[in-house]
Amino acid sequence: MVSAFLGVNKGMKRVSEANSILSIALMVGVLVFGPTIFILSTMTQSFGSFISNFVPMSFWTEAQASAEALPSWQDAWNGPWTVFIWCWVIAFSPFVAGFIARISRGRSIREFVLGVTIVPSLIVMVWVAILGGAAVYYDDASKGAISADVAEDTSTGLFSMIQGVPVVGGILLIIATVLVATYYVTSLDSGTYALSEFVTAPMKSGPWFRVVLVASIGTVAVVLLTVGGTSVVDTVQTGTIIGAFPFTFVLLLMFMNLVRRLRGRNARTEQEEIAINYASHLPEDDHVDKNGIPLDDDGQK
């Protein structure tokens, strides 16, 4: 609530910066005090495998499994992983895209793609290589102890791995615990900000309105967990994924509209973009309110 109230620059930005610092500290701690040589070797090997298999895996449909008439889609790789993540990303795209577009105003398309797609993907790959590589090493050393913990409760896997890091394991446990909270706060902040902008458009959302949204989201989550436990959460997730399917057609229309607007871009469009993204006071600004709504000669909306 505090970060949502303070806004993007004072609240959300500081939480995100804390995330970055703590995440780097966690990765460096595991890399330096963990099995450094094994992690670096695994990282190199994994990156090479990713590059060589990217195209084939992009077209992988697991045809053999579908021909065998599996009893459930969850028994196939494409079911619980590819399709699930695909639908989950689509379901989250309106909130994430709205927030990222807002904080990226003034950036070029090249800068946007680099900063939103390429750089974060590389960071995630390094993150998985370091923490995953350490987990594989400690799991082999403990004869499957980490795998057993993951099989019992997936959320304990990270903490089970960190316990094997010598010297700084305790400190890294604290950092990981804080990160779980701050990552959640960051996600909730971005969703709240995007939702508030959608609801209050064309006016800007107020800080107290964002606080109310956070409280509402938290209340719904508590009620769901209290009434039905994790099974209700699974149901909500399934509903979200089902709702993502029709939105795919909306995304296709958005893609086509983006291409159309880019192809129709000219010198006048560029001037308008500069005027919007690097706005300075114009004479016509005296005839609109703080939210950009035109006023009549008497100063009324």
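Student: Where does K143 lie?

Tutor: In this predicted model, K143 lies in the loop between α5 and α6.

Student: Is K143 buried or exposed?

Tutor: Exposed means over 50% relative accessible area. K143 has a relative accessible area of 82%, so K143 is exposed.

Student: What is the phi of K143?

Tutor: Look at the sign and at the residue type. Phi of K143 is near 60°. That is a positive value in a residue other than glycine.

Student: Which other loop residue has a positive phi?

Tutor: Take V167. Its phi is positive, about 70°, although V167 is not a glycine. V167 sits in the loop between α7 (157–162) and α8 (169–200). V167 counts as exposed because its relative accessible area is 74%.

Student: Back to the helices around K143. How do the axes of α5 and α6 cross?

Tutor: Read the distance, then the angle. Helix α5 covers residues 109–141 and helix α6 covers residues 145–152. Their axes come within 6 Å and cross at roughly 110°. Angles from 65 to 115 degrees count as roughly perpendicular, so α5 is roughly perpendicular to α6.

Student: Which residues meet there?

Tutor: From α5, A135, Y138 and D139. From α6, A145, I146 and S147.

Student: At what angle do α1 and α2 cross?

Tutor: Use the same reading. The axes of α1 and α2 come within 6 Å and cross at roughly 115°. α1 and α2 are therefore roughly perpendicular to each other. V30, L31 and V32 in α1 meet T36, I39 and L40 in α2.

Student: Now single residues. Where is N19, and is N19 buried or exposed?

Tutor: N19 is found in helix α1, residues 2–33. Buried means under 20% relative accessible area. N19 has 5%, so N19 is buried.

Student: Which residues does N19 touch?

Tutor: Set aside residues up to four places away in sequence. N19 then touches L179, T182, Y183 and T186.

Student: Is M43 buried or exposed?

Tutor: M43 is found in helix α2, residues 36–58. M43 counts as buried because its relative accessibility is 16%.

Student: What does M43 touch?

Tutor: Not counting residues up to four places away in sequence, M43 touches V126, A129 and I130. Now compare separation along the chain with separation in space. M43 and M125 are 82 residues apart along the chain. Their C-alpha atoms are separated by 8.6 Å.

Student: Which residues is L158 in contact with?

Tutor: Leave aside the neighbours within four places in sequence. L158 is in contact with L131 and A176. L158 and A176 are 18 residues apart in sequence. In space they are 8.1 Å apart, C-alpha to C-alpha. L158 itself is in helix α7. Its relative accessible area is 27%, so L158 is partly exposed.

Student: On to the surface. Which residues form the nonpolar patch?

Tutor: Check the members, then the area. V83, W86, F245, F249, V250, L252, L253, M254, F255 and M256 form the patch. Together they have about 1000 Å² of accessible area.

Student: Which helices supply the patch?

Tutor: α4 (78–103) and α10 (230–263) each supply at least two residues. α10 gives the most, with eight residues.

Student: How accessible is V83?

Tutor: V83 lies in helix α4. V83 is partly exposed because its relative accessible area is 38%.

Student: Zoom out. How many helices and strands does the protein have?

Tutor: The protein has 11 helices and zero strands. From the N terminus on, the elements run α-α-α-α-α-α-α-α-α-α-α.

Student: What share of the residues is buried?

Tutor: Buried residues make up 23% of the 301 residues.

Student: How much area does the protein expose?

Tutor: Read the total with the atom types. The protein exposes about 20500 Å². Carbon and sulfur atoms supply 68% of that area.

Student: What share of the contacts joins residues at least 24 apart?

Tutor: Fix the base of the percentage before reading it. Here the base is contacts between residues at least 6 apart in sequence. Among these, 63% join residues at least 24 apart.

Note on methods:
Residues numbered from 1 in each chain as written. Predicted model: local features only at pLDDT ≥ 70, side-chain atom pairs only at ≥ 80, totals over all residues. Heavy atoms only, no water. Helix = DSSP H or I, 4+ residues; strand = E, 2+ residues; numbered from the N terminus. Buried < 20%, exposed > 50% of the residue type's maximum accessible area, 1.4 Å probe, protein only. Contact = heavy atoms within 4.5 Å. Patch = residues over 30% accessible without salt bridge, like charges linked within 9 Å, V, L, I, M, F, W, Y side chains within 5 Å. Areas by Shrake-Rupley, 256 points an atom, 1.4 Å probe, with all protein chains shown as cover. Salt bridge = Lys/Arg side-chain N within 4 Å of Asp/Glu carboxyl O. Axes fitted to C-alpha atoms, helices over the stretch in contact; angles between N-to-C directions. Parallel < 35°, antiparallel > 145°, perpendicular 65-115°, else oblique.
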